[in-house]
Amino acid sequence: MGEHTQELHSFADLAQQFVTSKAEIFARTAGATARDFIHTNFVHEAHRFAVQAHIADIKPNHQPFALTHANLVDVSDPAHPTALPDRTIVISPEGRIQLLGPSAEIDPGIPDGFKVLNAQGRYILAGLINAHVHTFADGRPSTLSSVTSFGSLTHAQIRQLLDSPAGQAVAERISRINIETMLASGVTTVRTLGDLTYDDVKLAQRVHRGRAAGPRMLVAGPMIAIPGGHGTPYTSVECATPEDVKAAVTTHLDAGCTAIKLAATGGVTDAKKIGNAGTPQLTVEQIEAACETAHERGVLVAAHCQSTQGMLNALRAGVDTIEHGATMNDEAIALFRHNPKSLHGYSAVDPTLMPALTLDRLPQSVTGISDIVKANSEAVTRGMIDAIHQAHENNILLGVGTDSAMPLVTQYSTWHELDYRVRFAGETIGQVLNEATAGNAHMLGLDKETGTLEVGKSADFIVLDSNPLDRLSALDTPAMVVSAGTPIFRPAALVRRFDDIDADLNSII
Ligand SMILES: [Zn+2]
């Protein structure tokens with residue numbers, strides 16, 4: 001029957017199915033019965049999910065190879081991006097760039113036993129880096145709204161479900177499919193900034209140990225917020241005091257988090273009034289406690305900020321990356337450029353136009369949002385575009401993220417963010433490609449490892465059928481993705497696309 005063949009693509013879908021079954025009745029009863037039932041049910045569901053997952057396991061494969069006669073897209077100077085013709089790149093068995101240069105010079109030296117692929121007419125670009133993703137959902141709008149309407153289960157019951165071993169197995173499976181989609185779309189490094197549990201952490205460890213192919217992952221686990229604050233109760237842990245924050249950061253780092261995410265302000269969907277999207281939440285003292293604890297262990301702190309005041313609080317406390325961003329004042333500009341409490345001595349802004357810009361520009365008949373959400377989306381979009389202009393004017397480090405998993409932000413549409421920044425924030429293709437590769441690597445402290453194509457660095461790159469410097473849509477369906485030396489052929493076959501969302505995203509002009 002349909003119920004048994006249905007593919008389950010998100011935790012919310014699963015829970016939806018769960019609450020419409022007799023499980024709902026069980027879940028209302030207290031204690032062990034409900035818990036055991038949930039457990040059994042989820043083990044079953046998780047198994048089914050595993051069997052039906054549409055993406056095949058991609059096993060890391062380090063057979064050395066070379067791509068010859070390709071055009072090499074060089075965006076190291078964003079003002080003069082160029083495609084260098086007839087280049088060869090050679091990938092070592094360790095997944096690193098062993099040789100790189102004009103084919104005439106390199107080809108005679110390709111070692112015996114290396115597989116050689118002729119990439120004539122194709123374009124090679126460093127793998128994209130998405131500095132702001134979530135892995136708990138696939139971007140279909142229904143997914144997020146159903147998270148908040150789990151039938152009659154209480155928050156505590158849903159939390160219990162998510163924290164159960166079986167619930168975590170499902171969450172991990174969902175994260176894995178979403179991250180594989182991200183990889184297949186050409187993104188070879190991500191930073192996750194808020195998930196349901198530590199499923200992103202576990203996934204990153206699998207990838208790191210070579211048990212799964214995936215992008216390089218910096219992972220934040222759940223966000224840290226004030227009680228009832230942004231992201232609570234599912235994607236944030238609640239902290240009332242600076243001591244609580246310190247303890248939560250320590251727990252996260254001990255669990256293997258390699259990034260920390262704070263909710264310094266409220267978000268668009270939290271706001272009950274127009275103009276309230278960026279109301280400050282965590283205090284400067286709380287944010288400071290997070291920064292001190294994380295920086296002591298060399299970990300960068302990211303803060304969700306959607307107002308000038310919230311951004312100032314975060315910068316004064318030493319936050320390293322401001323997520324989303326808002327219009328900067330002089331103090332903010334000065335702190336971005338020189339921030340004594342930050343890990344590297346400066347802070348960066350990491351705008352994510354997609355979630356707000358789509359709500360702002362698409363008709364309400366499509367998005368179904370209220371007038372309040374619409375007005376706040378417009379204000380937040382404007383603030384981010386101001387921040388992008390100000391970052392360029394004041395030489396502030398500028399990152400790129402999409403906020404994937406949010407409504408309409410699929411795991412495969414990173415290139416749309418770049419395209420929106422060209423069309424709506426006045427950047428050039430050279431600038432956005434530099435920001436999504438070398439710039440993000442620098443912002444995340446990964447510039448020795450990835451972000452540019454240089455001998456010795458990790459072999460993270462994408463192969464395209466046409467020149468992205470002419471049209472960014474060349475990035476939509478890479479011909480091949482290489483992540484830490486593992487080639488993924490025909491990556492498009494691994495991406496489950498949502499045609500209705502693609503049509504909406506393409507309709508914004
Ligand atoms: Zn986010």
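This section describes the overall make-up of a predicted model, followed by its nonpolar core, a set of parallel strands, one covered helix and three individual residues.

The protein chain contains 19 helices and 17 strands. Of its 509 residues, 55% are buried. Among contacts with a separation of 6 or more, 72% are made by residues that stand 24 or more positions apart.

The largest nonpolar core comprises 141 residues, among which Ile124, Ile260, Leu262 and Ala290 touch the most other members. At least three residues of this core come from domain 1 (65-125 + 453-494), and at least three come from domain 2 (128-159 + 181-443). In soluble globular proteins, nonpolar side chains tend to be buried together. The surroundings of Ile260 were examined with neighbours within four places in sequence left aside; Ile260 is then in contact with Ala220, Val249, His252, Ala290, Ala294, Val299, Val301 and Ala302. One of these partners, Ala290, is itself named among the core residues that touch the most other members.

Strand β7 (187-192) is mostly covered, with six of its six residues buried. On one side of the pairing pattern, β7 is joined to β6 by four bridges, and the two strands run parallel. Within this pairing, Val133 has Thr192 as its bridge partner. Strand β7 is also joined to β8 (residues 216-219), again by four bridges and in parallel orientation. Here Thr192 is partnered with Val219. Thr192 therefore has bridge partners in both pairings, a pairing being counted where DSSP finds at least two bridges between two strands. Helix α9 (residues 199-208) completes a right-handed β-α-β unit with β7 and β8.

Helix α17 occupies residues 414-425, and its length can be checked against expectation. At 1.5 Å a residue, its 12 residues should span 16 Å, and the end C-alpha atoms are indeed 16 Å apart, so the two values agree. The helix is mostly covered, nine of its 12 residues being buried. These buried positions are Thr414, Trp415, His416, Glu417, Leu418, Asp419, Tyr420, Arg421 and Ala425. The elements against which they pack include the strands β6 (128-133) and β7, together with the helices α14 (353-361), α16 (371-393), α18 and α19 (499-507). Strand β7 thus appears both as a partner of β6 and β8 in parallel pairing and as a packing partner of α17. Gly426 follows α17 and has a positive phi, near 70°.

Positive phi values also occur in residues other than glycine. Leu408, in the loop between α16 and α17, has a phi near 75°. Leu408 counts as buried because 24 C-beta neighbours lie inside 10 Å, and 20 or more suffice for that class. His69 has a positive phi of about 60° and is likewise not a glycine. His69 lies in strand β1 (residues 65-74). With 18 other C-beta atoms within 10 Å, His69 is partly exposed, because this count falls between the limits of 12 or fewer for exposed and 20 or more for buried residues.

Lys448 is located in the loop between α18 (429-443) and β15 (461-464). This residue has 11 other C-beta atoms within 10 Å and is therefore exposed, the limit being 12 or fewer. Lys448 and Ser458 are separated by 10 residues in sequence, and their C-alpha atoms are 9.1 Å apart in space.

Key:
Residues numbered from 1 in each chain as written. Predicted model: local features only at pLDDT ≥ 70, side-chain atom pairs only at ≥ 80, totals over all residues. Core = buried A, V, L, I, M, F, W, Y, C linked by C-beta atoms within 7 Å. Domains from an automatic or database assignment. Contact = placed C-beta atoms within 7 Å. Expected span 1.5 Å × (residues − 1). Right-handed = clockwise from strand over helix to strand, strands pointing away.
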